[in-house]
Structures are given as C-alpha cells and as structure tokens.
Amino acid sequence: MNPPGQPSPLILNVDDNEGARYAKTRVLKHAGFSVIEAATGYGALDQIREHAPALVLLDVRLPDISGIEVCEKIKGDPATVSTLVLQTSAAAVQTLDKVRALEGGADSYLTEPIEPAELIANVRALLRLRQAEEALREADRRKDQFLATLAHELRNPLAPIRNAVELMDPRYRADDKVLAEARMIVGRQVAHLSRLVDDLLDVSRITHGKIVLKMEEVDVGIAIANAVEASRPLIDKKHHMLHVNAPQTDCKARGDSVRVAQIIGNLLSNAAKYTPEGGYLELSAALEGEEVVMRVRDNGIGIAPTELTEVFDLFMQSNGAMPHSEEGLGIGLSLVKTLTELHGGTVEARSEGLGKGAEFIVRLRAVKKTATEAQARAAREGAGSMRRVLIADDSVDGAESMSILLETRGHEVCVTFDGLAAIEAARSFHPDVAILDLGLPGADGYAVARSLRANPDTEGALLIALTGYGQESDRARTRDAGFDGHFVKPALFEDVMRAIDAEGAPGRPRNRGAGVATAG
C-alpha cells in the first residue's frame with residue numbers, strides 16, 4: 001500500500017479487450033492504485049501526455065498500432081522516457097515475443113492470463129525500481145548542487161588573497177603595518193578555503209546533503225571583517241557605499257566561524273547584486289538578550305510581497321530582478337538559510353516591495369567567555385619550552401616556512417626534504433619532535449616513523465603527521481604507525497604548537513597510549 005499522506009501511483013491500463021481490461025483495473029484498484037484506461041495505442045499515448053502515469057500496463061495486440069510500437073514511442077520521447085511499461089499478451093507468448101518487447105524498451109513482460117497476485121507483485125517491483133532510480137538521481141543532483149555551491153563560495157576569498165599577495169610584492173614598498181595586514185588577510189582567507197575544500201573531499205556529506213559544523217565561540221567582529229573582505233570586490237565594482245556597524249563590545253556567537261562569515265558574506269553579496277550601481281548597503285550586529293542579531297540592509301530593487309517566502313529557495317531568482325543581478329546560480333540565500341538553521345538560528349527577509357530595498361535579519365545564540373576559560377587559555381599559551389624539532393617535507397617552501405616559525409618560538413630545527421635524509425639526520429640530531437609529511441621520496445613518512453620508534457634515542461619523540469591526506473582511514477593509518485598527531489595541510493601553526501607544548505618539557509617520559517588530539 002502507499003504510505004499515508006502520499007497519492008496512489010497512477011497506472012494506465014491499455015487493452016482493447018473490454019473484459020480483460022476491466023478485470024485488470026479491478027485488481028489494481030483493489031490493491032490501492034489509481035487507474036485510468038485506454039483501448040487503443042494512440043489513445044494510450046494521448047493519456048500518457050495528459051496524465052503522466054507512473055506505469056503503463058500495455059497489451060501487445062491493439063487495433064491501431066501494436067503495444068510494442070507504443071512502448072518504443074514512450075521510451076523514445078524525452079518527456080515520457082522514465083514512464084514504466086509492463087507489457088502483457090495472451091497471444092504473443094513465445095520467447096522471441098518477450099525478447100522483442102524487452103528490446104523495444106519494456107521494463108517487464110507477462111503472459112496472460114495473469115494471476116492477480118503476480119500482477120500486483122510485478123507492478124510493485126517496477127515501482128520500487130523507479131523509486132530507487134529517482135533516489136540515485138536525487139543523490140546525484142545533491143552532489144552537483146553541493147559542487148556548484150562550493151565553486152560559488154571558493155571564488156570570493158580569492159580576490160583578497162590576490163590583493164594581499166600583490167601588496168607583498170617589493171615594488172610596492174609597503175611598510176610593515178601594511179605587510180602585517182596582508183599576511184593576516186591571507187591567513188584568514190586560506191583558513192576559509194581550507195574548510196571549503198574539506199567539504200568537497202567528504203563524499204558522505206556531499207551525497208547526503210550534510211554539512212558538519214565545527215562549533216566554537218565566534219568573534220562576530222572578526223566574522224564581519226572576513227565577510228567584508230570576501231565581498232569587497234563586488235561592492236567596489238558596483239561603486240556601492242558600505243556602512244559597517246560592528247559590535248564595540250565583546251560579542252560572540254555559538255557557531256562555526258567560517259560558516260558565520262559565509263552567512264554574512266552571502267547576504268552582503270546578495271545585497272550588492274540586487275542594488276543598482278552607487279547604492280547604499282548597511283551591515284550591523286549587536287547583542288540582543290540571548291541572541292546575536294545581524295542585519296544587512298540595502299536600498300536596492302526590493303522584493304515583491306509574493307516572493308518574500310520564496311527568496312531562500314534553491315536557485316530562486318526573482319524574474320523582476322534578473323536584469324539587475326550578476327551572474328550566479330541563485331544559491332547564496334539558500335545557503336544562508338541552511339547554515340543559519342544548522343546553527344539553531346533563524347533568518348528572515350523583509351521588504352516593503354519592489355524598488356524599496358530589502359533587509360535580512362539573522363539571529364544566532366550568543367555566548368560569553370568566562371574568566372576561568374580566559375585564564376586556562378593564557379596558561380596553555382604560556383606553556384612549553386625549547387624542543388629539537390625534525391621536519392621532513394618534500395615541499396621546500398612548506399618545510400622552510402615551518403622551520404622559520406618554529407625558530408621564532410625558540411626551538412632548534414633540522415630540515416630535510418626526503419625520508420632517507422630524515423632517518424639519517426635523526427641519528428645525530430636526536431629530535432624531541434618530528435613533523436613528517438607522509439608522501440616523502442626515498443622513504444615515506446610511515447617508514448621514517450618506524451625508524452624513529454625503533455631507535456632508543458628517538459623512540460619517545462613526539463611524531464606529528466603533517467599531510468594533505470585527511471580522511472578517517474588516513475588518520476587511522478597514522479595512529480597505527482605510531483604517530484601522536486595528524487594535521488591536514490594547511491594546518492594552523494598555533495594548532496601544531498599546542499600539540500608540541502602539550503607534551504611537557506623535553507626528555508620527560510610521555511604516556512605513549514594517550515597521544516595528541518588530531519586536527520583537520
């Protein structure tokens with residue numbers, strides 16, 4: 001039977017024999033199906049075009065054209081190709097008849113007389129098959145939707161990164177303050193990109209339409225700054241004036257920092273797209289009771305009252321807005337709604353009508369950092385002492401930049417670019433910590449780890465995998481190989497430092513069973 005609340009599948013019963021047609025219709029209706037009828041081939045085609053049945057029960061012998069020709073026309077028309085066809089016949093019962101019908105596109109073939117139970121079982125089996133095919137198509141559609149969304153979101157951070165890299169070029173003679181800001185821009189946007197790439201690699205989330213949030217305390221002021229950076233190229237291109245009213249006090253929301261910046265950035269981009277050149281945009285955020293309330297206003301083309309409830313639908317673009325909109329897939333506001341609701345928040349759209357601008361309001365749960373938490377963080381950041389750190393990475397830039405960062409913290413560093421060199425260097429350097437890429441030439445990171453564990457002088461070293469491989473199977477393999485931590489490139493330097501500092505002073509015996517928390 002059909003699930004409660006869902007309409008019964010519609011079946012078209014085609015047979016020129018009135019008695020046989022009546023009997024089959026009665027069996028199908030008794031089983032809970034909706035049934036319409038036709039006595040000729042062309043009549044059947046008309047019924048299919050008008051009513052789009054889920055399945056056609058099609059007799060082979062018809063007075064005008066054969067059922068096999070009807071089936072070929074059904075399967076040859078893109079508008080009806082997905083319609084199921086169950087061919088039946090009381091005369092064409094030979095194997096060659098069945099083969100011809102199935103090769104003509106029929107989904108199944110039964111010879112008459114048909115037992116009622118057999119007929120119903122075949123119909124239900126074919127409908128289950130169609131349901132499974134539709135589920136596969138939906139999964140594929142969701143994957144394509146996710147990839148389109150990701151491509152859309154990847155473009156925004158690239159503009160501030162490119163601008164920051166330009167500022168670092170010596171020919172611009174930028175001062176230290178400008179260079180520091182450029183580095184901060186690159187760091188924030190690379191973190192943003194890294195998280196988006198993580199979504200791309202997680203096949204399970206793609207096929208099931210899931211996005212996993214990394215919940216933390218989000219500094220709303222920083223999230224606003226990141227969103228403005230990402231949206232600035234479009235805002236400047238259209239010569240808009242943007243007024244930002246960021247919270248002056250400590251304003252934090254419970255959420256995923258990258259996704260909160262995405263929510264704000266998408267609203268800003270949407271406002272910029274649908275506001276004619278030289279418009280006015282306003283972004284504000286404030287604590288209101290237990291919530292952080294963020295508002296994005298514009299004086300753009302506005303939203304028709306009939307479309308206010310639809311603006312968050314996927315791929316929705318107002319017909320009236322098309323001449324004003326930039327190129328896009330109509331996914332920005334849908335993503336805003338999805339991400340906001342995943343945070344347990346709400347989003348609403350307001351507009352007095354076409355030509356009167358629009359306002360979008362996002363509400364997220366607010367949090368406040370306690371004094372105890374602040375003290376604990378300061379204690380963690382003050383921990384640590386000098387270590388001997390061995391780095392093995394075939395990326396020269398990656399290895400040397402990590403070395404420079406570690407040396408600024410007072411650590412002694414030895415850099416190698418292949419696995420065999422790392423094993424040789426460890427014999428004399430006796431590292432307290434080894435940061436190893438897994439895909440090393442000569443000997444991979446696993447082989448280097450095994451060598452360090454086998455040497456009494458380095459068996460207690462902290463082993464950290466720093467790699468581009470981030471699936472759970474990769475993490476399990478590094479754990480099995482004796483690594484204490486697993487970080488996915490590009491990892492935050494502070495995360496690596498926390499893993500190193502958490503291990504106590506050099507030479508102190510460590511709990512080999514505890515390990516270090518891994519990070520993505």
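1. The accessible surface of the protein comes to about 26700 Å², and carbon and sulfur atoms hold 52% of that area. The model is a predicted one, and the points below should be read with that in mind. Of the 520 residues of the protein, 45% count as buried.

2. As for the overall make-up, the protein has 16 helices and 17 strands. Among the contacts with a separation of 6 or more, 66% are between residues that lie 24 or more positions apart.

3. One open sheet is built from five strands in the order E2-E1-E3-E4-E5, with parallel pairing. Its edges are strand E2 (34–38) and strand E5 (108–111), each of which pairs on one side only. From one strand to the next, the twist averages 20 degrees.

4. Within this sheet, strand E1 (residues 10–14) pairs with E2 in the parallel sense over five bridges, and leucine 10 has serine 34 in E2 as its bridge partner. Helix H2 (residues 41–51) packs on the sheet, where it touches E1, E2 and strand E3 (55–59), and the direction of H2 makes about 145 degrees with that of E2. Helix H3 (residues 67–76), for its part, lies across E3 and strand E4 (84–89) and runs at about 175 degrees to E4.

5. A pair of helices further along the chain deserves a separate comment. Two packed helices are described by the angle between their axes and the distance between the axes. For helix H8 (residues 220–237) and helix H9 (residues 257–273), the packing angle is about 30 degrees and the axes are 8 Å apart. Angles under 35 degrees count as roughly parallel, and H8 and H9 are therefore roughly parallel to each other. The crossing in which H8 passes H9 is right-handed.

6. Which residues of H8 and H9 meet? On the H8 side they are Ala223, Ile224, Asn226, Ala227, Val228, Ser231, Leu234 and Ile235, and on the H9 side they are Val260, Ala261, Ile264, Gly265, Leu268, Ser269, Ala272 and Lys273.

7. Turning to another set of paired strands, strand E7 (residues 241–245) and strand E9 (residues 280–288) pair in the parallel sense over five bridges, with valine 244 standing opposite leucine 283 in E9. E9 is also joined by eight bridges to strand E10 (residues 291–298), and these two run antiparallel; here alanine 285 has methionine 294 in E10 as its bridge partner. E9 and E10 form a hairpin with two residues between them, and in the turn glycine 289 has a positive phi of about 65 degrees.

8. Strand E12 (residues 358–367) is mostly covered, since eight of its 10 residues are buried. E12 is joined to E10 by eight bridges in an antiparallel run, and methionine 294, the bridge partner of alanine 285, stands opposite valine 362 in E12. Strand E11 (residues 346–350) also pairs with E12 in the antiparallel sense, over five bridges, and alanine 349 stands opposite phenylalanine 360 in E12. Strand E8 (residues 252–255) is joined to E12 by two bridges, again running antiparallel, and the bridge partner of alanine 253 in E12 is alanine 366.

Methods
Residues numbered from 1 in each chain as written. Predicted model: local features only at pLDDT ≥ 70, side-chain atom pairs only at ≥ 80, totals over all residues. Heavy atoms only, no water. Helix = DSSP H or I, 4+ residues; strand = E, 2+ residues; numbered from the N terminus. Buried < 20%, exposed > 50% of the residue type's maximum accessible area, 1.4 Å probe, protein only. Contact = heavy atoms within 4.5 Å. Areas by Shrake-Rupley, 256 points an atom, 1.4 Å probe, with all protein chains shown as cover. Pairing = 2+ DSSP bridges. Axes fitted to C-alpha atoms, helices over the stretch in contact; angles between N-to-C directions. Parallel < 35°, antiparallel > 145°, perpendicular 65-115°, else oblique. Left-handed = near helix turned anticlockwise from the far one by under 90°.
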